[in-house]
Amino acid sequence: MLTRWRMSCAALILSLLACGGKSVADQIAEHDRVRVSWEQTSRFAGAEWLDLAVPDAYAARTLQRASEELRSDSEALTREQLPSRELARLHAALSIVRARADALARAVRARDRDAVIRMVNESPRANADSLLRQAALR
Amino acid sequence: MKKLLEITLGIVTSIGGFLEVGSLATSAQAGAAFGYQLLWAIVLGTVCLIFLVEMSGRLAAVSKQPLAGAMRERFGYPFFLIPLVAMSLLGVLVLASELGGLSLALQLVTGISFPWWAPLGAFAAWLLLWKGTFSVIEKGASLFGLITLVFVVAVFRLHPDWTRAAAGALPSMPRHEPMRYWFIAVSIMGASIAPYLLYFYSAGAVEDKWNETDVPVNRVTATLGMLFGGALSIAVLVVAALVFVPRGIRIERFDQIAPMLTPIMSRWGFFLFAAALGIACFGAMLEIALSVAYLVAQGFGWKWTEDARPRDVARFSLVYTATLIGGALIGIVGVDPLAITLMSMALTSALLPIAIVPFLILMNDPHFVGKHGNGWISNTVVCAIVALAFVLAVVSIPLELMGS
């Protein structure tokens, strides 16, 4: 009984330890996830601001935060050993999303609703169906 | 009739006082990253908490002693110092995360940056502890805390697929990001099985002068109160899953959680979220500061009661003052509240054996609990869940630190 308990514990620990090392694919997926998450956070903040569901200060602060997080992810990217093609793709994608968040933040601060409507409509929507299926919510 | 009223009030205060920054943040993060897949961690944590809270009330009712005092008497000073130091330091850290949650709620409403609110929040909590009585603090904070029921309303308005949600109550392996999955699972369990709650509950039972006739009332109150409280955490996870997953948003910062109710309740949702977060965190701050003071004062055999004037229980008052100052200092530095919350909850899981194992020994000692000792079911369930939380914490915390 005790041996089986010890073996179960050992198996759990080993499987957790195995999660520790990140492959190149994992690293790339992680950067993609961060970028998409902050891109969609910016879009959500902008859309909710347009619906008057969030205060101006909150929307502006969140958009600024998105920009800062994207910049820090971009900096983290430079310290990682990734294939140069992937590195270039990730940097380019991050800078586009960051520029969009900065522009959205400026438009919110200036209370330029037309600009915010245009930018929210231009920024890509997340694929809700696929995300819901992936998380087994649908 | 009086007992029924007592039970109702006990359940209502348990529900109102259940959610705090840890359970809110970990549930929201779990829902956003893994859908319903981590519901099992809330279920396990809540089951364990039901047993532990019932035990701490039973110990106080039968032995007329609070948990800390009984531990010191049973194990002596040298051993008691270990849980005393560990739980006090953890208390300051958890208090800092609650203060961070309160400050963020105020930032959401006012737009003024959160570190500015940390000293004011700590001062307000200190003033209430200094001037208030136990009953006012316990019942007042919990009744205001009923605002957190807004998450249950949101769940019903979102019409989740209940079958899929129920499937999440069974433990399963992660489909992606395994390291993050286990770390959040550990944090959820740490947020649910908060040891400070046990010191607070048992001291409260002594303050309210419970005796053996209160054992059945305690059983019903603890079970239903914590059960409904756990349902609140589940509601947060479900709302986060249905709002954030389809948008592809992962919760990395607290700011991202704030609009979780706006798709359902528009602008009201934003302010209701801020109010729920602020009130829940403020209530938890009061409970944690008092719990640390109870732990230290009962452990050293000092005079303790929240109902006396501070000058009559000077050392007890000094401890909660110092705890609040410690939490405020961490808050002023401006450490990211979500990071400190997740880490303090995971550390709670890692330290659970220090708090829970001596407690279980007490609950099986006839000298303290007479014929009201634990049965094998409660011993087994608590041991298994605490062991699981400990193993997961010891492995996932270093991995998470390395990963970040």
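Is C48(B) buried or exposed? With a relative accessibility of 0%, C48(B) counts as buried. The legends below describe close-up views of a predicted model.

**View 1. Two cysteines of chain B, C48(B) and C383(B), lie 9.3 Å apart, sulfur to sulfur.** For C48(B), the closest cysteine sulfur belongs to C383(B), and the separation is too far for a bond. The relation holds from the other side as well: the cysteine sulfur closest to that of C383(B) is the one in C48(B), at 9.3 Å. A disulfide is a covalent bond between the sulfur atoms of two cysteines. Because the pair is held to a cut-off of 2.5 Å, the distance of 9.3 Å rules out a disulfide between C48(B) and C383(B). Over all chains, the structure holds zero disulfides. The surroundings of the two residues may also be set side by side: C48(B) is buried, whereas C383(B) is partly exposed, with a relative accessible area of 43%.

**View 2. V381(B) is placed in helix α16 of chain B.** Its relative accessible area is 23%, so V381(B) is classed as partly exposed. Leaving aside residues up to four places away in sequence, V381(B) touches V47(B) and F51(B). V47(B) stands 334 residues from V381(B) along the chain, yet the C-alpha atoms of these two residues are separated by 8.4 Å.

**View 3. Q65(B) occupies the loop between α3 (39-63) and α4 of chain B.** Where does the side chain of Q65(B) reach? It extends to the backbone nitrogen of A70(B), at 3.5 Å. Q65(B) counts as buried because its relative accessibility is 19%, under the cut-off of 20%. Beyond residues up to four places away in sequence, Q65(B) touches L59(B), A60(B), A70(B), E73(B), V206(B) and F368(B).

**View 4. Chain B and chain A meet in a contact that takes 42 residues from chain B and 37 residues from chain A.** About 3,500 Å² is buried between the two chains, 66% of it on carbon and sulfur atoms. How many residue pairs are in polar contact across the interface? There are 10 such pairs, with both residues at pLDDT 80 or more. Several helices of chain B take part: α4 (67-110), α9 (178-192), α11 (215-244), α12 (262-300) and α16 (376-403) each supply at least two residues of the side that touches chain A. By class, that side of chain B has 24 nonpolar, nine polar and nine charged residues.

**View 5. A salt bridge joins E30(A) to R250(B).** The closest N and O atoms of E30(A) and R250(B) are 3.1 Å apart. Across the interface of chain B and chain A, three salt bridges are found.

**View 6. Chain A contains six helices and zero strands.** Along the sequence, the elements of chain A follow the pattern α-α-α-α-α-α. Chain A has 138 residues, and buried residues make up 41% of them. What share of the contacts in chain A between residues at least 6 apart in sequence join residues at least 24 apart? The share is 70%.

Technical notes
Residues are numbered from 1 along each chain as its sequence is written. Chains are lettered from A and ligands numbered from 1 in the order in which they are written. Side-chain values use heavy atoms; hydrogens and water are left out. Contact means heavy atoms within 4.5 Å. Buried area is the accessible area (1.4 Å probe) that two parts lose on being put together, summed over both. A salt bridge is a side-chain nitrogen of Lys or Arg within 4 Å of a carboxyl oxygen of Asp or Glu. A polar contact is a pair of N or O atoms within 3.5 Å; within protein, one must be able to donate a hydrogen and the other to accept it, and residues adjacent in sequence count only if both atoms are side-chain atoms. Helices (H or I, at least four residues) and strands (E, at least two) are DSSP runs, numbered from the N terminus. Ala, Val, Leu, Ile, Met, Phe, Trp, Tyr, Cys and Pro count as nonpolar, Asp, Glu, Lys and Arg as charged, and the others, Gly among them, as polar. Buried means under 20% relative accessible area, exposed over 50%, partly exposed in between (1.4 Å probe, protein chains only).
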